[in-house]
Amino acid sequence: MVTIPAFLIVAVVIFGIGAVGVLISRNIIVLFMCVELMLNAANLALIAFSRALNIMDGHAFVFLVLAVAAAEAAVGLAILIAIFRNRETINIDRFDMLKW
Amino acid sequence: MSEYLFLVPILPLAGFLINGLLLGRLPRPVVSFVACVPVGLSFLLSVLLFFGLKGLPPDARVLEQVLFPWISSGFLLVNVGFLLDPLSAVMILVVSGVGFVIHLYSIGYMHHDPCFGRYFAYLNLFMFSMLTLVLADNFLFMFVGWEGVGLCSYLLIGFWFEKKSASDAGKKAFIVNRIGDFGFLIGMFIIFWQVGSLDFRVVMEAAPTMFVAGGALITAACILLFMGAIGKSAQIPLYVWLPDAMEGPTPVSALIHAATMVTAGVYMIARSNVLYLLAPDALLVVAIVGALTAIFAATIGLAQNDIKRVLAYSTVSQLGYMFLACGVAAFGAGIFHLMTHAFFKALLFLAAGSVIHAMSGEQDMRKMGGLRRHVPVTYITMLIAALTIVGIPGLSGFFSKDEILWKAFSSPYGHPVLWALGFVTAGLTAFYMFRLIYLTFHGKGRMDADTRKHLHESPKSMTVPLMVLALLSIVGGWIGMPHLFGVTNYFEQWMAPVMSGAGHDAVSHALAAGGGDTGMEVGLMTATVILVLVAILAARKLYGQTPELSTRLREKTPHLHRLLFNKYYVDEIYGAVIVRPLVNMSIFLWKIVDVLIIDGLINGFATLYNDISQTLRAGQTGRVRSYATVFVAGVVALVAYFLLG
């Protein structure tokens with residue numbers, strides 16, 4: 001039997017990888033993937049708690065998150081393509097015009 | 001009848017709007033037509049209204065038209081309304097009549113000016129303002145006209161604004177008038193405070209019960225109102241703007257600075273005669289200021305060489321006569337002199353304009369001489385005007401001036417000293433007027449050859465107005481002959497309903513009784529005439545027959561001549577005592593207080609915030625990753641706080 005702390009440790013590790021990836025990656029696609037990692041780390045924690053406490057709320061939440069993640073990915077990729085058509089780059093550090 | 005009253009001022013306003021809005025798009029004949037016809041119609045209407053008024057019984061001679069309420073706020077109710085009574089009827093006749101003649105004259109005089117349309121637009125605006133001033137039925141609406149004529153005076157003095165002296169003169173006139181208007185406003189406030197209305201008829205009816213006769217309040221109100229008159233009508237100590245106003249075109253000098261606008265102060269005092277009769281001390285102030293101005297300006301006029309400046313000082317002096325009349329409670333005599341003065345002084349200015357026209361713009365009398373052969377019509381008409389102003393028996397100036405002198409002597413408010421000042425002034429007037437005539441028209445020509453070649457009589461449009469005004473100068477006084485001659489004084493009779501205010505029968509009786517001493521009146525009249533004749537002969541001797549004599553006289557009294565020539569240094573004194581310190585204080589306020597302190601403070605704060613912002617904006621990189629880093633750090637910090645804290 002795998003205990004809750006084990007699940008949580010895995011979730012934290014995945015979340016940490018995702019967060020660090022968001023902070024250091026310059027590629028927008030990688031950035032998106034890291035965001036997905038963070039969302040799914042949260043999903044994993046929700047499922048683990050849900051199973052341990054034997055209530056279904058966590059499952060329902062996870063489906064909601066998955067749906068939102070899918071929508072976010074679709075919109076995000078669409079924006080990404082629009083930007084790429086204009087700037088011919090997907091380096092996030094080049095998109096800094098919206099300041100001041 | 002009264003429903004047409006508003007048309008009198010509105011017609012010239014229409015002329016102003018048409019000429020003003022279509023500036024530079026109308027050909028000259030159309031501009032002249034649009035400008036002159038409304039003024040002519042105003043005059044015709046004034047004549048009709050005059051006869052309409054004359055048809056009414058003397059006590060009912062008041063026509064009123066209220067167009068609409070202008071200000072209605074609490075107790076303050078001010079109408080846009082017009083009041084026609086014997087006093088304003090005389091005024092609109094003089095203003096629109098003389099104004100029309102001068103409009104016609106201007107067509108010829110301004111013929112060569114590139115800004116023909118602008119000139120006539122201003123002139124029409126002036127007519128509108130002046131007619132509003134004399135027809136207004138309350139103090140505040142009158143003040144609108146009062147300020148309107150001031151504005152037009154400013155615009156027309158500075159008409160040739162590319163000349164610095166002209167634009168300076170315009171500003172001087174405007175600013176000096178503001179000083180007087182300040183007093184006028186305060187006087188108006190006192191009246192409203194005490195009476196609760198500004199309507200002339202209400203104020204005049206209520207004043208005897210609302211004010212303590214001879215009290216401080218009514219005296220203050222009257223003196224403050226008189227301060228406005230001092231500014232507008234160029235009396236000591238605010239007369240300095242009028243001689244400078246001669247920078248404007250000559251017809252403007254004739255219309256605004258001789259015949260109409262400058263007499264507004266006299267009209268205002270005559271209009272408020274009920275108030276002044278309640279304040280004998282204020283009357284005394286008016287009389288003294290008037291008499292002193294009359295003699296003071298006349299002495300300056302003796303030593304001026306610019307033909308228009310002599311006339312300007314003469315105007316100041318004659319206005320002094322009118323105030324002297326008002327000051328001895330002979331308001332009717334003041335208005336009578338106002339009317340005759342409007343005729344002969346307008347004529348003098350227009351004739352001077354004709355001379356200047358002939359002299360190709362030269363105004364210095366030392367460079368004229370012998371002009372009577374070249375400009376005969378101008379010579380004859382100007383001679384008539386000169387004979388009128390000095391008071392040769394039979395001409396209009398004689399009757400009006402003599403009435404003032406006699407009232408100054410005999411009125412219960414009069415005094416022999418006041419009479420003596422007026423008497424000496426009459427002699428001085430005769431001397432400087434004939435000095436002008438002899439220097440300009442007689443003797444040898446002193447102009448250069450080029451000017452001499454161009455000497456010519458003015459066109460018909462200029463000489464006909466001269467003849468009309470000459471006729472008026474001769475006959476204008478016949479309506480006001482003294483009782484002495486065994487005839488009815490129609491003018492006094494006409495003015496009587498306005499002048500003998502309610503409850504002042506005692507005064508009017510006293511004034512009438514003063515006329516009883518016939519022997520004295522004849523004696524004084526004869527003395528004046530003899531003095532005038534002697535003065536004319538002296539001027540003839542000094543400037544006509546033996547010009548070297550005048551040079552010798554000037555050299556014998558160098559200090560006196562320099563003092564008079566420099567106008568008693570009044571401009572210089574004002575400059576040193578008032579203008580210079582004021583300018584210095586303004587410079588201090590500008591450079592130190594405004595620029596250094598106020599601007600420094602505001603700019604300092606702006607710089608401070610700018611510096612702070614410049615520092616803080618470094619945090620806003622615009623990069624998603626740096627925002628994400630801050631965001632994650634924040635989350636970590638919060639989690640750490642809640643878990644560990």
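**Entry 1: B:R552**

I looked up B:R552 first and asked whether it is buried or exposed. It has 11 other C-beta atoms within 10 Å, and a residue with 12 or fewer counts as exposed, so B:R552 is exposed. The model I am reading is predicted. B:R552 sits in helix 24 of chain B, which covers residues 547-556. I also checked B:R552 against B:M246, which is 306 residues away along the chain. Their C-alpha atoms are separated by 30 Å.

**Entry 2: chain B as a whole**

I then stepped back to chain B. I counted 27 helices and 2 strands in it. Its C-alpha trace spans about 125 × 70 × 50 Å along the principal axes. Of the 645 residues in chain B, 50% are buried. I looked at contacts in chain B between residues at least 6 apart in sequence, and 80% of these join residues at least 24 apart.

**Entry 3: helix 20 of chain B**

I took helix 20 of chain B next. It has 16 residues and reaches 22 Å from its first C-alpha to its last, close to the 22 Å expected at 1.5 Å a residue. Which of its residues are buried? I noted B:M462, B:T463, B:P465, B:L466, B:L469, B:A470, B:L472 and B:S473. These buried residues pack against helix 3, helix 15 (331-358), helix 16 (376-390) and helix 17 (396-410) of chain B.

**Entry 4: helix 3 against helix 20 in chain B**

I followed one of these partners, helix 3 of chain B (residues 86-109). It packs with helix 20 (residues 460-475) at an angle of about 155 degrees, and the axes are 7 Å apart. Angles over 145 degrees count as roughly antiparallel, so I recorded helix 3 and helix 20 of chain B as roughly antiparallel to each other. Helix 3 passes helix 20 in a left-handed crossing. From helix 3 the contact uses B:V101, B:I102, B:L104, B:Y105, B:I107, B:G108 and B:Y109. From helix 20 it uses B:S461, B:M462, B:P465, B:V468 and B:L469. I sorted the residues of this contact into 10 nonpolar, 2 polar and no charged. B:M462, B:P465 and B:L469 of helix 20 appear both in this contact and among the buried residues.

**Entry 5: backbone oddities in chain B**

Most residues other than glycine have a negative phi, and most peptide bonds are trans. I looked for exceptions. The peptide bond joining B:I236 and B:P237 is cis, with omega about 5 degrees. B:P237 lies in the loop between helix 8 (216-232) and helix 9 (241-244) of chain B. B:A234 is found in the loop between helix 8 and helix 9 too, and its phi is positive, near 55 degrees. B:A234 has 30 other C-beta atoms within 10 Å, so I put it down as buried.

B:Y568 also has a positive phi, of about 60 degrees. Its place is the loop between helix 25 (558-565) and helix 26 (570-616) of chain B. I found 13 C-beta neighbours inside 10 Å, so B:Y568 counts as partly exposed.

**Entry 6: chain A**

I turned to helix 3 of chain A, residues 57-87. Its 31 residues should span 45 Å at 1.5 Å a residue; the end C-alpha atoms are 44 Å apart, which agrees. How many of the 31 residues are buried? The number is 0, so this helix of chain A lies largely in the open. A:E88 follows helix 3 of chain A, and its phi is positive, near 55 degrees.

Last, I checked where the chains meet. The contact takes 10 residues from chain A and 10 residues from chain B. On the side of chain A that touches chain B, I recorded 7 nonpolar, no polar and 3 charged residues.

How values were computed
Residues are numbered from 1 along each chain as its sequence is written. Chains are lettered from A and ligands numbered from 1 in the order in which they are written. This is a predicted model: local features need pLDDT of at least 70, side-chain atom pairs count only at pLDDT 80 or more; totals for chains, interfaces and linings use all residues. Axes are lines fitted to C-alpha atoms, for helices over the stretch in contact, and angles run from 0 to 180 degrees between N-to-C directions. Helices (H or I, at least four residues) and strands (E, at least two) are DSSP runs, numbered from the N terminus. Angles under 35 degrees count as roughly parallel, over 145 as roughly antiparallel, 65 to 115 as roughly perpendicular and the rest as oblique. A crossing is left-handed if the near helix is turned anticlockwise from the far one by less than a right angle, and right-handed if clockwise. Two residues are in contact if their C-beta atoms, placed from the backbone, lie within 7 Å. Ala, Val, Leu, Ile, Met, Phe, Trp, Tyr, Cys and Pro count as nonpolar, Asp, Glu, Lys and Arg as charged, and the others, Gly among them, as polar. The expected span of a helix is 1.5 Å times one less than its number of residues. A residue is buried if 20 or more other C-beta atoms lie within 10 Å of its own, exposed if 12 or fewer, and partly exposed in between; C-beta atoms are placed from the backbone.
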